[in-house]
There are 2 protein chains.
Amino acid sequence: MKSNLYKGSLSTIILHLLAEKREMYGYEMSKLVKEKSDDKLLMTEGALYPILHKLEADGIITSDTRYVDNRNRKYYKITEKGAKQHVLSLKEMKDYLQTMQNMLLPTLPTQNALV
Amino acid sequence: MKSNLYKGSLSTIILHLLAEKREMYGYEMSKLVKEKSDDKLLMTEGALYPILHKLEADGIITSDTRYVDNRNRKYYKITEKGAKQHVLSLKEMKDYLQTMQNMLLPTLPTQNALV
DNA sequence: AATAATACCTAAGAATCTTATGTATATTTG
DNA sequence: CAAATATACATAAGATTCTTAGGTATTATT
């Protein structure tokens, strides 16, 4: 990533992708995040894969490896526990974004905040 | 801090405090941040003081120790270089907040974003 | 044929924070 | 008035999270 502000938010992002798409593989996630962030967040493989492994170990996501388009891909989906965690993570993120906005951009009116 | 989303944003926050107040000491910063964040961000001394020392070593801030109210306090203020850095840091933070909002909360209309 | 892209993985090291500890003085509370 | 809390600084060991660098293997492009 280009900014270290993203530190700590990668798990939340991955969890959100899986909550939206319900099925994705790692490489796909990194490409989608790169695109969605307009090249601002480049999730390296050294960060991505260990996070996926940890989320799976914690029962937040599950995987099954399949052979698709001449490729071996490890597809991940969110578990029930993960869905609950996702709600909490989103709340935590909203709270963080709001707090940061209040602390750093308090003079801007709400509708123009971040713009 | 209660959420590890704050990881990476402490320097930005400290720099912003000094850009606003023009003079503060460490202990004062930690109390103000606690108050401003509504107890959501508790900047520990183990994080705070090393950051201040690094910012000073990098010429972003300067300090002078004074005896005030029966206390030895190390007052910090922002340098010219620091003021320039602060503009960049704020831009970076706005960009991060906007990107996160786009990625995680894209369905919400702008005026209700984060609410 | 060589390079880039797809797709996974891990290990060493850097950066950032927590926890724990230390020093010293002042104020508040039981 | 003794004990606890608050003020004010500091550092060191450890945890967490990421980068950098390397590895394997296949497919697509130039």
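Two strands pair if DSSP finds at least two bridges between them. Helices (H or I, at least four residues) and strands (E, at least two) are DSSP runs, numbered from the N terminus.

The model is predicted: local features need pLDDT of at least 70, side-chain atom pairs count only at pLDDT 80 or more, and totals for chains, interfaces and linings use all residues. Residues are numbered from 1 along each chain as its sequence is written, while chains are lettered from A and ligands numbered from 1 in the order in which they are written.

**Exercise 1. Work out the sheet of chain B.**

Task: find the strand order, the edge strands and the bridge partners in chain B.

Solution.
- Step 1. Start with the order. Chain B has an open sheet of three strands, E1-E3-E2, with antiparallel pairing.
- Step 2. Find the edges. Strand E1 (24-25) and strand E2 (61-68) of chain B each pair on one side only.
- Step 3. Count bridges. E2(B) and E3(B) run antiparallel and are joined by eight bridges. E1(B) and E3(B) also pair in the antiparallel sense, over two bridges.
- Step 4. Assign partners in E3(B). B:Met24 has B:Tyr76 as its bridge partner. B:Tyr25 stands opposite B:Tyr75. B:Val68 stands opposite B:Arg71.
- Step 5. Inspect the turn. The hairpin of E2(B) and E3(B) has two residues between the strands, and B:Asp69 there takes a positive phi near 55°.

**Exercise 2. Repeat the analysis for chain A.**

Task: which strands of chain A stand at the edges of the sheet?

Solution.
- Step 1. Lay out the sheet. Three strands of chain A form an open, antiparallel sheet in the order E1-E3-E2.
- Step 2. Read off the edges. Strand E1 (24-25) and strand E2 (61-68) of chain A each have a single partner strand, so one side of each is left without a neighbour in the sheet.
- Step 3. Check the pairing. E2(A) and E3(A) are antiparallel over eight bridges. A:Val68 has its bridge partner, A:Arg71, in E3(A).

**Exercise 3. Describe the packing of H1 and H3.**

Task: at roughly what angle do the axes of H1(A) and H3(A) cross, and which residues make the contact?

Solution.
- Step 1. Set the convention. Axes are lines fitted to C-alpha atoms, for helices over the stretch in contact, and angles run from 0 to 180 degrees between N-to-C directions.
- Step 2. Take the geometry. The axes of helix H1 (residues 10-21) of chain A and H3(A) come within 10 Å and cross at roughly 70°.
- Step 3. Classify. H1(A) is therefore roughly perpendicular to H3(A) (under 35 degrees is roughly parallel, over 145 roughly antiparallel, 65 to 115 roughly perpendicular, the rest oblique).
- Step 4. List the contact (C-beta atoms, placed from the backbone, within 7 Å). H1(A) brings A:Leu10, A:Ser11 and A:Ile14; H3(A) brings A:Ala47, A:Ile51 and A:Leu55.
- Step 5. Sort the residues. The contact of H1(A) with H3(A) has five nonpolar, one polar and no charged. Here Ala, Val, Leu, Ile, Met, Phe, Trp, Tyr, Cys and Pro count as nonpolar, Asp, Glu, Lys and Arg as charged, and the others, Gly among them, as polar.
- Step 6. Turn to chain B. The axes of H1(B) and H3(B) come within 10 Å and cross at roughly 70°. These helices are therefore roughly perpendicular to each other. The contact is made by B:Leu10, B:Ser11 and B:Ile14 of H1(B) and B:Ala47, B:Ile51 and B:Leu55 of H3(B).

**Exercise 4. Characterise the side of chain B that touches chain A.**

Task: how many residues of chain B are in contact with chain A?

Solution.
- Step 1. Count. 30 residues of chain B are in contact with 30 residues of chain A.
- Step 2. Find the sources. Helix H1 (10-21) and helix H4 (80-104) of chain B each supply at least two residues of this side. H4(B) gives the largest share, 14 residues.
- Step 3. Sort by type. This side of chain B has twelve nonpolar, twelve polar and six charged residues.

**Exercise 5. Map the surfaces near the DNA.**

Task: which residues come nearest to DNA strand C, and which are closest to DNA strand D?

Solution.
- Step 1. Apply the cut-off. A residue is near a strand if its C-beta atom, placed from the backbone, lies within 6 Å of it.
- Step 2. Take DNA strand C. Of the 25 residues around it, A:Tyr25, A:Gly26, A:Tyr27, A:Gly46 and B:Gly46 come nearest. H3(A) gives the most to this surface, with six residues.
- Step 3. Take DNA strand D. Among its 25 surrounding residues, A:Gly46, B:Tyr25, B:Gly26, B:Tyr27 and B:Gly46 are the closest. H3(B) gives the most here, with six residues.
- Step 4. Sort by type. The surface near DNA strand C has nine nonpolar, nine polar and seven charged residues. The surface near DNA strand D has nine nonpolar, nine polar and seven charged.

Definitions and conventions. Contact = placed C-beta atoms within 7 Å.
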